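I opened this entry to look up how one short strand is placed among its neighbours, and then how the aromatic rings are arranged.

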Amino acid sequence: MRYLTLLTVLLAIFARPASAQTNSLSAGLLAHVFPLTLQPGERFELLGPLFYHQQSQGNNLWAIPPLFARTTDPEMDMTEMDVLYPLVSYDRFGAEYRFHILQVFAFAGGKTLDKEVPKDRFTLFPFYFQQRSPDTNHNYTAFFPFYGTLKNRLFRDEIHFVAFPIYGQSRKKDVVTDNYIYPIFHLRKGDNLSGWQFWPIFGHEFKGMTTKTNGFGDVEPVAAHDKWFALWPFYHHNDLNLGTDDPQKVRVLLPLYSIYESPLRDSYTFPWPLGFTYTDDRAKKYHEYGLPWPLIVFARGEKVVNRVWPLFGKAKNSFKQSDFYLWPVWKYNRIRSAPLDRERSRVMFFLYSDLIERNTDTGKHMRRVDFWPFFTSKKGLDDKYRLQILAPLEPMLPNNKSIERSYSPLWSIWRTERDPKTQASSHSLLWNLYRKDKSPEQTKCSLLFGLFQYQSTPETRQYRLFYIPLGKKATGSKPAVQEGANSKS
């Protein structure tokens with residue numbers, strides 16, 4: 001670190017441009033300070049991609065790619081830190097925090113709402129789970145598989161187990177399920193609900209009509225159902241949504257048939273799953289034939305489908321379109337749901353992707369183009385543009401901030417950024433071995449570790465060769481300011 005500090009000081013002395021209005025350091029991939037193009041702020045890069053520090057609009061980011069990255073924003077009360085991402089990560093937003101090592105060893109807690117009781121969780125997945133809170137009703141401890149209780153995890157309000165899978169009890173809203181030798185036998189009870197199963201031999205569950213109060217304080221009915229199976233998954237006999245205008249009947253005897261009937265939709269498959277399928281969807285107003293579904297499908301009505309997978313496929317309704325040829329060689333998807341109009345073309349999954357999102361109200365659009373592993377480019381709704389060459393991970397993990405902080409600098413051999421609103425632009429080759437920054441106020445160019453530098457303003461232009469200033473020359477109507485006169489003043 002001592003040598004890096006000395007190097008930085010020497011570069012600051014010899015590579016600093018003559019302009020008195022800038023704090024720039026221009027030594028290419030050795031060390032370079034430059035203004036940000038797409039937002040107000042400044043960035044310092046040292047030894048190519050191995051260290052950088054960036055300050056922008058209260059956000060402070062520094063990193064030693066790929067080992068470490070840390071960003072803070074005091075105004076947002078936010079901190080994010082990665083160590084050899086995704087090995088170790090720490091995120092804090094307000095009072096909420098999370099620290100984990102490979103999603104296995106994790107601390108998390110805080111509160112997301114002002115009135116919410118704070119909670120602190122510790123996890124050593126999948127063996128130990130703990131939560132502590134000032135309200136002891138939220139506390140739990142679990143030593144899996146021996147004994148314990150979990151709350152609001154695994155899609156259940158509460159789970160209690162003893163010598164799992166010997167015994168386990170789960171609760172979701174009012175429905176409580178007692179499992180004995182999971183998943184062989186269970187008893188289930190709830191509000192007007194009862195059921196049991198001896199899996200996979202036989203199982204039955206019945207629920208009568210009930211009511212609930214919705215978010216507006218209105219009482220609304222909850223549908224009944226009657227479900228049972230034998231020799232799962234071969235036979236199912238289910239009556240669903242009972243007591244409503246759309247009762248549904250499901251009968252399955254595998255591999256002979258699968259039947260779904262309701263006032264709004266009928267669907268039949270003989271034999272299942274590779275036989276002939278016919279669907280009459282009166283709610284969505286289409287007829288569909290499949291042999292076998294979903295590989296060869298034709299539909300007519302408000303939805304039109306022509307699919308012979310993997311040769312070709314075209315599916316379209318009033319708001320969605322999906323096409324492909326020689327899947328996955330070329331694929332196209334479009335969704336129109338005002339004000340969003342989103343379309344994406346892809347070749348071989350992530351090899352090439354062209355995504356456009358339009359706001360039909362404002363006429364603005366965002367476009368992102370990825371060509372793995374060669375480049376990624378993005379133009380935002382605000383017309384700000386960025387191009388990066390190379391991009392081996394970004395097409396597969398778009399908008400991943402940790403990848404952008406810890407890995408993108410390592411392989412970004414070319415960067416271009418433009419902001420039409422401020423008329424600022426920048427270009428960087430090989431971590432600033434060549435760099436050009438342009439704005440209405442000035443143009444700066446640095447080449448070969450800053451041995452050649454050029455800087456111009458509307459009034460003057462100036463060259464540096466081997467860090468030696470060659471004087472200023474006038475370019476506009478205003479008189480030029482000589483180097484010597486400038487230094488005396």
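I first fixed what pairing means here: two strands pair if DSSP finds at least two bridges between them. The model is a predicted one, and I kept that in mind throughout.

**Strand β12.** I looked up the partners of β12 and found that strand β11 (residues 128-132) is joined to β12 by 4 bridges, the two running antiparallel; within that pairing, F129 has A142 as its bridge partner in β12. On to strand β13 (residues 147-153), I found 2 bridges from β12, again antiparallel, with F143 bridged to Y147 in β13. I noted that β12 and β13 form a hairpin, with 3 residues between them.

Which side chains of β12 (residues 140-143) are buried? I found that Y140 and A142 point to one face and are buried, whereas T141 and F143 point to the other face and are not. I also recorded that F143 belongs to one aromatic cluster with F105, F107, F122 and Y128.

**Aromatic pairs.** I counted 31 aromatic pairs in the structure. One of them is W228 with Y235, a tilted pair at 5.5 Å centre to centre and 55° between the planes; W228 counts as partly exposed because its relative accessibility is 26%, and Y235, at 22%, likewise counts as partly exposed. I then looked at F276 and Y289, which are also tilted, at 6.3 Å and 35°. F276 lies in strand β27 (residues 276-281) and Y289 in strand β28 (residues 286-290), so this pair ties together parts that are 13 residues apart in sequence.

**Charges over rings.** I noted the charged end of R435 over the ring of F34, 3.5 Å from its centre, and R265 over the face of Y260, at 5.7 Å from the ring centre.

Terms used
Residues numbered from 1 in each chain as written. Predicted model: local features only at pLDDT ≥ 70, side-chain atom pairs only at ≥ 80, totals over all residues. Heavy atoms only, no water. Buried < 20%, exposed > 50% of the residue type's maximum accessible area, 1.4 Å probe, protein only. Phe/Tyr/Trp six-rings, centres within 6.5 Å; stacked < 30°, edge-to-face > 60°. Lys NZ or Arg CZ within 6 Å of the ring centre and 35° of its normal.
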